[in-house]
Structure formats: C-alpha cells, structure tokens
Amino acid sequence: MASAYQESGDSRGTFLGHPKGLFVLFFAEMWERFSYYGMRALLIFYLVQHWMFSDGEASVIYGAYTALVYITPVVGGYLADRYLGQRKAVLFGAILLTVGHFLMAFEGDGGQTDATINIFWAALAFIIVGSGFLKANISVIVGQLYPRTDVRRDGAYTIFYMGINLGAAAGSIIAGWLGQTYGWAYGFGAAGFGMLLGLVVFVWGKPLLVGRGEAKDPEALKRPVAGIKLEWLLYLIGLAMVALCWYMVQNQALVGTLLGIFGAILVLYVLFTAVTKLEPHDRDRIFAAMFLIFGSILFWALFEQAGSSLNLYTDRSVDRNIFGVEVPASVFQSINAIYIVLLAPLFAMLWTGLARRNLEPSTPAKFGLGLIQLGAGFLVLVVGASMAGAGNLTPVIFIFLIYLLHTTGELCLSPVGLSAMNRLAPSHMASLIMGTWFFASATGNFAAGLIAAAAGAEGAGPERVTEVYSTVGWTAVGVGVGMILISPLIKKLMHLDTLKDDSIDDDMLGQAELGAPDAAGINTSGEVRT
C-alpha cells in the first residue's frame with residue numbers, strides 16, 4: 001500500500017505528478033492555517049488593547065499559548081500512533097479547532113476584570129488541543145502517501161507547506177484587517193469560518209487518501225474500557241486536555257516548568273528507545289533527527305518574534321503608509337506567507353534540480369543556511385532603524401526585507417525538517433518523532449515569548465528592540481555557520497544510502513498487482529471505486 005501509487009503507474013491516481021490525496025491535505029491544512037494565522041495576527045494586539053495586558057505580560061501569554069500549541073502534538077501523535085490513527089485524530093482536532101475559533105468571537109467589554117475573559121481562555125484551550133491532534137498527524141499522512149526513498153518527498157512537503165502559507169496569508173490579511181478595522185469579533189469570526197471550511201474539505205476528501213492514516217487495529221477502538229468504547233474514551237481524554245490547557249494558559253510559569261520536565265522525559269524516552277530497540281542505522285538516524293530538532297529550537301525562538309515583538313514594533317515604530325494608505329500592522333503578518341507562496345515552488349525545483357546533479361546541500365547544511373538567513377534578517381532591520389535615526393519611524397521597506405530573509409531561511413529549514421523527521425523515523429515511531437519536532441517548536445515559541453518580553457520591558461523604547469535584535473541576529477549567524485561545519489558528520493548518521501521503503505505484506509502486494517479495492521473502497525491504482 002505504501003507505494004501503490006508508484007507501483008501501479010496509473011496517472012488517474014496522481015495530479016501534477018503527486019497523489020491526489022496530497023491536494024486534499026493541501027486544502028484542508030490551508031483553511032486550518034487561515035484560521036490559525038488570522039487569529040495569530042490579532043492576538044498580541046487583542047491582549048494589549050482589549051484585555052489590557054502590558055507588553056511584557058502579553059508577550060509571555062502569547063509565548064505560553066504558542067508553546068502549548070506545539071506541545072500537544074506529542075500527545076496527539078502518540079494517541080494516533082497507538083490507537084486512533086492519523087485520520088481520526090485530524091478529524092477530532094479539526095472539530096475542536098472550529099469550536100475554539102468561534103469562541104474567540106465573544107469579546108465582552110474588555111479588561112481583565114470582565115468575566116468574558118474566561119471564554120477567551122477556553123477558546124485558546126480548544127485551539128491548543130485541536131492543534132495537538134491535527135498538526136503532527138496531518139503532516140504524517142503526507143509522508144504516508146510516498147515511499148521513504150521517493151525523491152518527490154521534499155517537493156511534496158514544500159507543496160504542502162505552500163498550502164499552509166496560502167491560508168496564512170489570506171487569514172492574516174482578511175481576519176487581521178477585519179479585526180483592526182471593524183472589531184475583534186469580525187476578525188475572529190472570519191477565522192472560525194475558515195476552520196469550518198477546512199473541516200469540510202477533509203471530510204469530503206477522505207476517499208482520496210486511499211486508506212492512509214487509519215487505525216492499526218480498528219476493532220480495538222470498538223472495545224469497551226470502563227464501560228465506554230475506547231475511541232470515545234480517547235475523545236474524552238482530549239476534552240480533559242482542554243480543561244488542563246485552560247488552566248495552563250493562565251499560569252504561564254507552569255508552561256515553562258512543563259517544557260523542562262516533559263522535554264527531558266521525551267528526549268530520554270526517544271534516545272532510550274533508539275539505543276535499546278532499534279538496529280544501528282535506525283538508531284543513528286534518530287540521533288541525527290534529534291540534532292536537527294535541537295537546532296530548530298533557536299530558529300523558532302527567533303523566527304516567532306514575528307507575532308509578538310516584531311508585530312508591536314511594526315505597529316509603533318514603522319512608517320506603514322503605503323501609497324497613501326495606512327496599513328494595519330496585523331496585515332504585515334501576511335508578508336512571510338506571501339513570500340512562501342511565491343518562493344516555495346522555486347525552492348522545490350531548486351532542491352530537485354540540485355539532487356539530480358548530486359549538488360543538493362544536506363539537510364543539516366540547509367538548517368545552517370536557514371539560521372544564517374534568519375540572523376541576517378534581524379541585522380538588516382537594525383541597520384534600517386539606525387539609518388532612520390533615533391525618534392524617527394523605520395522605513396517600511398526594512399519590514400519587507402526582514403520577512404524576505406526570514407522566509408528564505410524558513411524554506412531551508414521547516415519543510416525540509418518535516419520531510420527529514422518522516423524519512424529518518426521508523427514507521428512505528430513516525431508520529432512520535434513528528435510530535436518531538438513540534439515539541440522543539442514549543443520550546444522555541446516559549447523562549448520567543450521571553451525574548452519578546454525582554455524587548456518590550458516596561459518603559460523600553462524601540463532602541464531596546466533593536467538592541468535585542470542585534471544580539472539575537474549575530475547569535476543565529478554564528479550557530480548557523482557552526483551547523484554547516486558539522487553537517488558532514490550529521491549526514492553520515494542519516495545513512496541515506498541504506499534507507500529502504502516500508503515493507504508491504506503479501507496481501508497488499510497482491511492487491512497492488514491486481515488493482516483490487518482496499519478496505520477504504522479505493523482501487524490501489526488510485527481510482528475511486530464507484
């Protein structure tokens with residue numbers, strides 16, 4: 001089954017050279033990202049201007065929220081691997097996200113004494129847990145559409161990443177503009193409708209996934225546990241997680257403690273499993289994956305200034321007048337996504353073209369290049385602010401430049417990292433390793449909140465922001481150079497020359513040869529059974 005598309009050679013199972021299921025996941029994730037980034041573009045302003053938190057408090061809340069968004073995929077990934085399967089986990093997550101985004105539209109009168117703030121905390125909790133069930137698992141389904149050695153994989157993840165950013169761009173522009181022009185409820189309501197569309201697309205496109213992401217033991221989900229079917233018990237666990245996150249997002253210090261304790265346990269568990277249960281090459285691949293995961297923490301800690309300190313800096317210290325129109329600061333959150341939509345196809349072609357000529361940089365080298373470009377972006381903004389002079393607004397061109405460099409850095413790291421996690425992990429650890437990748441993003445996001453809080457300390461002006469950006473910019477460049485220097489060693493640990501596709505049992509091979517329909521009602525040649 002894992003290579004049915006490739007073995008059958010039936011063009012009806014593909015579109016633009018890729019399985020049709022990729023484009024179902026593309027559009028489902030596009031609408032999910034519309035909702036998430038539409039809300040994200042407004043969140044820091046909502047915290048400061050509506051709920052009346054200080055810059056520092058709002059940045060820490062923002063960091064804790066985004067950290068929890070990336071912690072919960074570890075749990076969602078584990079439950080999908082062990083019980084639910086990725087498809088049902090994504091469906092459950094999409095439902096929770098839809099509820100959460102619509103709850104964001106209840107704004108009340110504002111201020112921290114308004115009881116409506118509890119609905120706001122609940123909305124964040126639903127979004128956090130919904131993301132936990134959806135994020136890691138939808139990325140895993142993308143990987144399941146391809147054999148592990150398929151050269152289309154990096155290109156597929158880049159196409160998938162382009163869908164993410166189409167949604168992110170539209171969400172930032174539409175929800176951000178509505179929220180800052182007509183009122184918070186309009187912006188958050190638009191995000192809710194976007195998530196609902198994502199849910200509809202995913203349900204509609206189930207047949208085109210050709211059975212990928214299903215539970216390993218569907219009968220086990222029907223068996224009762226404590227008088228409740230296991231599947232429904234897992235959903236109740238998800239709702240309990242919502243209640244826990246409702247408390248955690250209001251107590252941000254606990255999130256930092258959770259990151260430290262849970263992170264240590266997770267890393268030790270993954271390494272213990274690799275050392276004691278995997279054959280040497282798979283073990284080394286896990287070591288390489290962990291190196292990449294740790295390297296990504298710094299990247300996300302700096303990259304995620306976009307939604308907090310950089311968003312506030314754009315609002316207060318940048319000349320946002322473009323062709324006579326004062327553009328709301330939240331709309332600038334779309335620049336990164338628009339760049340990705342424009343540049344992702346070029347990067348996909350670049351990696352594929354270089355690979356055919358045996359010139360493609362290794363994955364760890366791409367990570368180093370990503371960090372160098374990330375650091376350069378901060379340094380360019382510092383130069384722009386310096387050129388403008390103290391007390392003057394920074395020209396808006398430097399906001400476009402920092403996002404350009406951050407985007408090219410992101411394209412060297414994030415889709416490549418998604419592909420690497422799926423390629424390096426054995427199939428039975430796929431969602432766990434993908435969840436660990438997102439956990440690194442959680443750590444980076446929490447650190448981002450602390451960095452943003454330092455940049456926005458009470459009484460500090462824009463000079464403090466540029467001072468912090470200069471420090472983190474040079475740090476990123478230095479670490480990036482170091483990663484490039486060590487990349488040949490990490491590449492050896494990946495053992496790319498001995499990678500094999502997941503084995504296919506005899507029954508599945510027989511179906512592939514005969515073109516017989518599988519359990520999902522899909523012919524393995526890719527044709528939907530009618």
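A residue is called buried at under 20% relative accessible area, exposed at over 50%, and partly exposed in between, with a 1.4 Å probe and protein chains only. Keep that rule at hand for the exercises below.

The model is predicted, so local features need pLDDT of at least 70 and side-chain atom pairs count only at pLDDT 80 or more, while totals for chains, interfaces and linings use all residues. Residues are numbered from 1 along each chain as its sequence is written, and side-chain values use heavy atoms, with hydrogens and water left out.

**Exercise 1. Aromatic rings**

Task: Work out how the rings of Y36 and Y65 are arranged, and then do the same for W300 and F303.

Solution.

Step 1. Start with the rule: rings of Phe, Tyr and Trp (its six-membered ring) pair if their centres lie within 6.5 Å, and planes under 30 degrees apart count as stacked, over 60 as edge-to-face and the rest as tilted. The count by this rule is 26 aromatic pairs.

Step 2. For Y36 and Y65, the ring centres are 6.5 Å apart and the planes stand at 25 degrees, so this pair is stacked. Y36 belongs to helix α2 and Y65 to helix α3 (residues 55-84), so the pair ties together parts that are 29 residues apart in sequence. Helices here are DSSP runs (H or I, at least four residues), numbered from the N terminus. Y36 and Y65 are both buried.

Step 3. For W300 and F303, the centres are 5.4 Å apart with the planes at 90 degrees, so the pair is edge-to-face. W300 and F303 are three residues apart in helix α11, about one helical turn. Both W300 and F303 are buried.

Step 4. Now look for a group of rings: Y46, W51, F53, F120, W121, W184 and F188 make up one aromatic cluster.

**Exercise 2. Charged partners**

Task: Find which parts of the chain the salt bridge between R40 and E304 ties together, and then examine the pairs R285 with D282 and K222 with E219.

Solution.

Step 1. A salt bridge here is a side-chain nitrogen of Lys or Arg within 4 Å of a carboxyl oxygen of Asp or Glu. The rule gives a count of 14 salt bridges.

Step 2. In the bridge between R40 and E304, the closest N and O atoms are 2.9 Å apart. R40 sits in helix α2 and E304 in the loop between α11 and α12 (309-317), so the two tie together parts that are 264 residues apart in sequence. R40 counts as buried at 6% relative accessibility, and E304 counts as buried at 5%.

Step 3. R285 and D282 bring their closest N and O atoms to 2.8 Å. They are three residues apart in helix α11, about one helical turn, and both are buried.

Step 4. K222 and E219 form a salt bridge at 3.6 Å, N to O. These two are three residues apart in helix α8 (residues 218-222), again about one helical turn. E219 is partly exposed, with a relative accessible area of 45%.

Step 5. Finally, E29, E32 and R33 are joined in a network of salt bridges.

**Exercise 3. Enclosed space**

Task: Describe the largest and the second largest cavity by volume and lining.

Solution.

Step 1. On a 1 Å grid over the protein atoms alone, a cavity is a set of points where a 1.4 Å probe fits but cannot get out, and lining residues have an atom within 4 Å of a point. Grid points are joined across faces, edges and corners, and a volume is the space filled by probe spheres set on the points. The whole structure has six cavities of 30 Å³ or more.

Step 2. The largest cavity holds about 250 Å³. It has 20 lining residues, and those closest to its centre are Y70, K135, Y161, S414 and F438. Elements giving two or more residues to this lining include α2 (20-50), α5 (117-144) and α6 (153-181).

Step 3. The second largest cavity holds about 110 Å³. Its lining residues include R40, F303 and E304, and α2, α6, α13 (334-356) and α15 each supply at least two residues.

Step 4. Link this back to the earlier exercises: R40 and E304, which line the second largest cavity, form a salt bridge with each other.

How values were computed:
On a 1 Å grid over the protein atoms alone, a cavity is a set of points where a 1.4 Å probe fits but cannot get out, and a pocket is an open set with protein on both sides within 12 Å along at least five of seven lines; lining residues have an atom within 4 Å of a point.
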